[in-house]
Amino acid sequence: MNLAFSTSFCPASGDRAFIKIKPSSLNLDATRKMAFRKKFPCSATIATDMSRVSEFDIENKKHDLLRAVQDTQRGLVTTADQRSLIEETLVSLEGYNMGAPIDLVKLDGTWRLQYTSAPDVLVLLESSARLPFLQVGQIFQKFECRNQSNGGIIRNVVQWSVPTLLEEQEGATLLVSAKFDVVSVRNIYLQFEEISVQNIKISEELQALIAPALLPRTFLSLQILQFIRTFKAQIPVRNPANPGRRSVGGLYYLSYLDSNMLLGRAVGGGGVFVFTKAQPLDL
């Protein structure tokens, strides 16, 4: 039977004897911790308070960033002062995550675009603002990497519509799919695979034109409706310099990531991205 303490009988200087109790090795660490706590009684409390302060600061920075971008129409309408403030807030928030490796479990899921300075996305938003026959709805990035150790799949999702022909905002989905690999602590490399158009939802007006509700719907009209609803156009992405090879893709720096916010920078001047976590997206 193992005892917590060992004893030894030692003669005293007088007629009596005393029992000298020695802490065994099992309790040595506990004894040291108790001594440390007695010597520094506030250290644990200070560490906890500092952690709480840090979390409070991060939430404030995130709130400041979302407030700074909320009137920019996802980056389409910004002034020089706004862009300066947004960049300053971005850099401040990125400092909290600097040097930490990418957490693929947190990254997995659907993220909604709140702001970007990427020219290729801004062109799309500007076209929607100027052209009466094009509507651009929500834009997402969907990462599929929960059970992966060094990469996964990323899908850029743009919901769009043509007024009177398709449903408002979500009439169709443009999908750009890519594989990605984690190449450094915070960088992922994208290799684009395919562009597709899918999830077409025609408007009630167009449905009535194809298959009028007051007339008997013929087999042909029902087949046309079914074809439109299930239509999916897929175009593989190729390297223009070598059509036999896949596109070379690009480098994407994930500058900040937590459970509800993702910040990214396209390496090489491709712009910044601000995302917030969204509900799962079925594609």
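What is the volume of the largest pocket? I'm working on a predicted model here, and I get about 560 Å³ for that pocket.

**Entry 1: the largest pocket**
I looked up who sits in the middle. Of the 25 lining residues, D120, V121, N156, F192 and F273 are the closest to the centre. Next I checked which elements chip in. β5 (151-161) gives the largest share, four residues. Helix α5 supplies at least two, and so do β4, β6 (172-182), β7 (187-198), β11 (250-257) and β13. Sorted by class, I have 19 nonpolar, five polar and one charged residues in this lining.

**Entry 2: helix α5**
α5 turned up in that lining, and I went back to it. It runs over residues 119-130, and its twelve residues should span 16 Å at 1.5 Å a residue; the end C-alpha atoms are 16 Å apart, so that agrees. Which residues of α5 are buried? I find V121, L125 and S128. They cover an arc of only 55° around the axis, which means they lie on the same side of the helix. P119, D120 and R130 are exposed on the other side. I also looked at what covers the buried ones: β3 (109-116), β4 (135-144) and β13 (271-277) are included.

**Entry 3: the second largest pocket**
This one holds about 190 Å³ of space. Among its 13 lining residues, N97, K106, Y256, L257 and D258 come closest to the centre. α2 (43-69) and β11 each give two or more residues, with α2 giving the most, three. My class tally for this lining is six nonpolar, one polar and six charged residues.

Conventions
Residues are numbered from 1 along each chain as its sequence is written. This is a predicted model: local features need pLDDT of at least 70, side-chain atom pairs count only at pLDDT 80 or more; totals for chains, interfaces and linings use all residues. Side-chain values use heavy atoms; hydrogens and water are left out. The expected span of a helix is 1.5 Å times one less than its number of residues. Buried means under 20% relative accessible area, exposed over 50%, partly exposed in between (1.4 Å probe, protein chains only). The arc is that of the directions from the helix axis to the C-beta atoms. Contact means heavy atoms within 4.5 Å. On a 1 Å grid over the protein atoms alone, a cavity is a set of points where a 1.4 Å probe fits but cannot get out, and a pocket is an open set with protein on both sides within 12 Å along at least five of seven lines; lining residues have an atom within 4 Å of a point. Grid points are joined across faces, edges and corners, and a volume is the space filled by probe spheres set on the points. Ala, Val, Leu, Ile, Met, Phe, Trp, Tyr, Cys and Pro count as nonpolar, Asp, Glu, Lys and Arg as charged, and the others, Gly among them, as polar.
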